[in-house]
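Student: I am new to this structure and should like to learn how its descriptive terms are justified. May I put some questions to you about it?

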Amino acid sequence: MECKITLIPGDGIGPEIVREAVKVLNKIGETFNHTFQYTEVLMGGCSIDAYGVPLTDQALDTARAGDAVLLGAVGGDVGNSRWYDVAPDLRPEAGLLAIRKGLNLFANIRPAYLYSQLADACPLKKEIIGDGFDMVIMRELTGGLYFGKRYTEEVDGVMTAVDTLTYNEKEIRRIAVKAFDIAMKRRKTVTSVDKANVLDSSRLWRKVVEEVAKDYPEVTLTHMLVDNCAMQLVMNPGQFDVVLTENMFGDILSDEASMITGSIGMLSSASLNESKFGMYEPSHGSAPDIAGKDVANPIATILSAAMMLRYSFDLDKEAAAVEEAVKKVLTEGYRTADIMAEGCTKIGTTQMGDLIAERI
């Protein structure tokens, strides 16, 4: 099989972790007789330095022409004046919003899985995590507060900022269908998270989700308010299977879920459109303070590449081989700094990529 992958290393530790994911993909190609063709483009701060904007039209067109996108991370230290003393739409993170919108990547899938080998790294008590947890957070990615009209103006002598939260039923329905489809392949439970006791957008969200649920009689649907969900994630994470929610709530909850896995450096993610095209990236940021030091954890990016194999290329066996290789390395006691524990062997970014690739 031949696959065209657009690489966006980005800023900070992005180039380092993407390099290790490519190493693993190449080993998959050799082992299973696939060819991966890579085209690299700039996005984020590095694109601002080169072109004055966080994402060029040419970079977007290149991404669109491929079969999938593998992204590292974008952004930097907010104290970096050349990237942040500008209008919001010219900052590094604006490239992320632009590429999601430009590629119509409306469905964000973020697994949160606690490896048994990392149970001691979980900040929750053992009696809370029990036998562990395995959930997927389905976040709507191209609507809501982040994409609504926004402005700041003076009203009666007082500076006033306005951000608009908007959803229509089509946007809600398509992400709900994705969530229920994934639930059918898992434990057949969907928890829809909203703020229906306050927000009109959430009341519409709840109504449409209930309509979609009628087409999936095997799936159990429950509703949960977002503040309660935030509490339940740290009180009883094992109760969740598929968590379905809107853009801002999903942004916050998925980061919370990532930390109870032991390290945000372990969490992969996929952003899909209505076809098999997707953009795959780790859930963490660019960590500029450790860039270039060979200490970043590349596992989240490597697992994101595994998600790419599964969701965009239908290579389930190959994806499972990557995931199993990660488990083997962790079982053997190898750890990067963020997941280091007593009795384990501390290694760097490059060696972690080497070990995972060797075990495929």
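The dialogue below takes up the terms one by one.

Tutor: Please bear in mind that this is a predicted model. The protein chain holds 13 helices and 14 strands.

Student: What makes the protein chain as compact as a globular protein of its length?

Tutor: The radius of gyration of the protein chain is 20 Å, and the globule rule gives 21 Å for 360 residues; the two values are close, so the chain is as compact as a globular protein of that length. Its C-alpha atoms fill a box of roughly 60 × 50 × 40 Å along the principal axes. Buried residues account for 51% of the 360 residues. Of the contacts between residues at least 6 apart in sequence, 74% join residues at least 24 apart.

Student: Why is R110 called buried?

Tutor: The relative accessible area of R110 is 7%. Buried means under 20%, and therefore R110, at 7%, is buried. This residue belongs to strand 4, residues 107-113.

Student: With which side chains does the side chain of R110 make polar contacts, and how do you know that they qualify?

Tutor: One partner is N108, at 3.2 Å. Another is D255, at 3.3 Å. The limit for a polar contact is 3.5 Å, and the pairs with N108 and D255 are listed as such contacts at 3.2 Å and 3.3 Å. Beyond its neighbours within four places in sequence, R110 is also in contact with several residues, including M135, V136, I137, S268 and S283.

Student: Why is D61 called partly exposed?

Tutor: D61 has a relative accessibility of 44%. The term exposed requires over 50%, buried requires under 20%, and partly exposed is what lies in between. At 44%, D61 therefore counts as partly exposed. D61 sits in helix 3, residues 57-65, and its side chain is joined to that of R64 by a polar contact of 2.9 Å.

Student: Which residues of helix 5 are buried, and against what do they pack?

Tutor: In helix 5, residues 94-102, the buried residues are A94, G95, L96, I99 and R100. The elements they pack against are strand 1, helix 3, strand 3, strand 5 and strand 12. As for G95 and D61, which are 34 residues apart along the chain, their C-alpha atoms are separated by 13 Å. Just after helix 5, N104 takes a positive phi of about 60°.

Student: What makes a set of residues a nonpolar core, and which residues have the most contacts inside the largest one?

Tutor: The members must be buried residues of nonpolar kinds such as Ala, Leu or Met, joined through side-chain atoms within 4.5 Å. The largest such core has 85 residues, and M138, L244, L309, F313 and I356 have the most contacts inside it. Helix 11, residues 299-311, gives the most to this core, with 8 residues. A second, separate core has 16 residues, among them M43, A59, A63 and F277. Returning to M138, the residues it touches more than four places away in sequence include I109, I175, I182, V242 and L244.

Student: How do you know that strand 6 and strand 7 pair?

Tutor: Pairing requires at least two bridges. Strand 6, residues 150-155, and strand 7, residues 158-163, share 6 bridges in the antiparallel sense, and this number meets the requirement of at least two. V155 stands opposite V158 in strand 7. The hairpin of these strands has 2 residues between them, and D156 takes a positive phi near 55° there.

Key:
Residues numbered from 1 in each chain as written. Predicted model: local features only at pLDDT ≥ 70, side-chain atom pairs only at ≥ 80, totals over all residues. Heavy atoms only, no water. Helix = DSSP H or I, 4+ residues; strand = E, 2+ residues; numbered from the N terminus. Buried < 20%, exposed > 50% of the residue type's maximum accessible area, 1.4 Å probe, protein only. Polar contact = N/O pair within 3.5 Å; in protein donor to acceptor, adjacent residues only side chain to side chain. Contact = heavy atoms within 4.5 Å. Rg over C-alpha atoms; globule rule 2.2 N^0.38 Å.
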